[in-house]
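Subject: Structure handover

Hi,

Here is the structure I promised to pass on. Have a look at it first, and then read my notes below.

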Amino acid sequence: MPAVISSPNSYLIVEGLINTGSDSTFIKLSRTVKLNDKVATNPEKQALAVIESDNGSAYPLTEINVGTYAAAPLHLPASHKYRIRIKTSSNKEYLSDFVEAKVTPPVDSLSLHIKPDGLQINANAHDVTNSTRYYRWDYEETYQYRSKYDSRYKSNGDTVLPRDYINDQIYHCWRSDTSSNIILASTAKLTNDVLSDAPITFIASTSEKVAEKYTILLKQYALTKEAFQFWEDLKKNTEQLGSIFDAQPSQLKGNIHSVTDASEPVIGYMSAGTVSKLRVFIPNGHLPPEWTKLDMGECLLLGFYFKHIEGDVVVNDEDFYFNYNKPGQHSLYIPVSAIVMPFVGLVGHTGALPQCVDCTLRGSNKPPVFWQ
């Protein structure tokens, strides 16, 4: 194992933005982990984090979750420069360089391009003052999806009962995610500070994201030239490696330094400024109808009856398959609908595997507050 991989070093990672506008500031602090570690993240807990202005003002951050520090909207003037000071619980101190506060222009629009294999979403923006030039985006996406079968029944542990469909439906759900790639664009080589059709994300036509309704909340950031260079190097080091034609890895230099030990690397770049947002909803009805033909996989609907006789023993199928609380038994299926026979009435229920019925295994059956 190379020494750089097996070394016990744990370097500080600083993620976030000093939000000078009307939104809250969130800073995430963590430590690097080795490739063979069992944990994927190592949050930096119980640190002291303070935003400082070049006029001497200070704005403390509060740890709201483990390793996440926040401050209410600060409404800071763009005429000053800002930095962050961090002191860990082990008394190590870190300080970023002062950076100018960038005022981000609005997102003009999102353009949607329907292609044979999916949907391309692009951003449009401009700055009439020609002072932005360097842009970065990330986004939050939420989509409504459905399970293969609509369950109208549930087990209470003793028997199968009608489901409270208003409060306990598991057919329609909502799932949210955030972007994981680095999205950048620059107008530095253009006469006017205008961006047209900057690629944001692509959704395949076979994705369940576009089967019902999809929404994207795009966040736009104005960067300094130095911040843009950091994000561009990070993108090359993490997303554009792997072939002989890709750029060689480069050393990642941020603007955060250790005060305690000048030789200690710190990962991250602290910027300051406002954020512009735009949310767009995309209903399935605006997309090609053939995109709704999703492959739900192996989802068989089986019938289970109240009783049948095996030799001299009367076996209750529904107890075995649907009732969760029977000692030594495990439910394999979720009841879906009733089986009714002419002149006999209710004789059993259909059922299917949980992943074919219960959409809450991957999301929430409660719509988000912004849903429309």
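**Lys219 and its surroundings**

Let me start with Lys219, which counts as buried because its relative accessibility is 16%, below the 20% cut-off. Keep in mind throughout that this is a predicted model. So what does the side chain of Lys219 meet in a salt bridge? The partner is Glu140, with 2.8 Å from N to O. The two come from distant parts of the chain: Glu140 sits in strand S11 and Lys219 in strand S17, 79 residues apart. Glu140, at 31% relative accessibility, is partly exposed. As general background, side chains of opposite charge can pair when their charged atoms come close.

The strands that carry this pair are also partners in a sheet. S11 (residues 134–146) and S17 are antiparallel and share ten bridges, and one of the pairings puts Tyr139 with Leu218 in S17. S17 also pairs with strand S21 (residues 275–283), again in the antiparallel sense, over nine bridges. There, Ile216 has Val280 in S21 as its bridge partner.

How many of the ten residues of S17 are buried? Nine are, so to speak of S17 as mostly covered is fair. Ala222 belongs to this strand, which spans residues 213–222, and with a relative accessible area of 8% Ala222 is buried. Once neighbours within four places in sequence are left aside, Ala222 is in contact with Lys102, Val103, Thr104, Pro105, Thr132 and Tyr134. Ala222 and Gly273 are also worth a look: 51 residues separate them in sequence, while their C-alpha atoms are 7.4 Å apart.

**Other salt bridges**

The whole structure holds 15 salt bridges. Among them is the one between Arg136 and Asp138, where the closest N and O atoms are 3.8 Å apart. Arg136 has 14% relative accessibility and therefore counts as buried.

A further salt bridge joins Glu239 to Lys235, with 2.8 Å between the closest N and O atoms. Both residues are in helix H2 (residues 225–239), four residues apart, or about one turn of the helix. Glu239 is partly exposed, at 33% relative accessible area. Elsewhere, Glu52, Arg83, Arg85 and Glu93 are joined into one network by salt bridges that share partners.

**Two three-stranded sheets**

There are two open sheets that I'd look at together. One has the order S9-S10-S16, with antiparallel pairing. Which strands are at its edges? They are S9 and S16 (194–204), each of which pairs on one side only. On average, neighbouring strands in this sheet are turned by 25° against each other, direction ignored.

S9 (residues 107–115) and S10 (residues 118–126) form eight bridges, and a hairpin with two residues between the strands. Within that pairing, Leu110 stands opposite Ala123 in S10. S10 and S16 likewise pair in the antiparallel sense over eight bridges, with Ala125 matched to Leu195 in S16.

The other sheet runs in the order S22-S26-S25, also with antiparallel pairing. S22 (302–305) and S25 (334–341) are the edge strands; each has a single partner, so one side of each is left without a neighbour in the sheet. Neighbouring strands here are turned by 35° on average, direction ignored. S25 and S26 (residues 345–352) are joined by six bridges, including the one that makes Gly348 in S26 the partner of Ile339.

Met341 is in S25 too, and is partly exposed at 40% relative accessible area. Together with Tyr305, Phe343 and Val344, Met341 forms a nonpolar patch on the surface, with about 510 Å² of accessible area in total.

**The chain as a whole**

Stepping back, the protein chain has four helices and 26 strands. Of its 372 residues, 42% are buried. Looking at contacts between residues at least 6 apart in sequence, 68% join residues at least 24 apart. The accessible surface comes to about 20,600 Å², and carbon and sulfur atoms account for 53% of that.

Cheers

Notes. Residues are numbered from 1 along each chain as its sequence is written. This is a predicted model: local features need pLDDT of at least 70, side-chain atom pairs count only at pLDDT 80 or more; totals for chains, interfaces and linings use all residues. Side-chain values use heavy atoms; hydrogens and water are left out. Two strands pair if DSSP finds at least two bridges between them. Axes are lines fitted to C-alpha atoms, for helices over the stretch in contact, and angles run from 0 to 180 degrees between N-to-C directions. Patches are made of residues with over 30% relative accessible area and no salt bridge: like charges are joined within 9 Å, nonpolar side chains (Val, Leu, Ile, Met, Phe, Trp, Tyr) within 5 Å. Accessible areas come from the Shrake-Rupley method with a 1.4 Å probe; for residues, only the protein chains shown count as cover. A salt bridge is a side-chain nitrogen of Lys or Arg within 4 Å of a carboxyl oxygen of Asp or Glu. Buried means under 20% relative accessible area, exposed over 50%, partly exposed in between (1.4 Å probe, protein chains only). Contact means heavy atoms within 4.5 Å.
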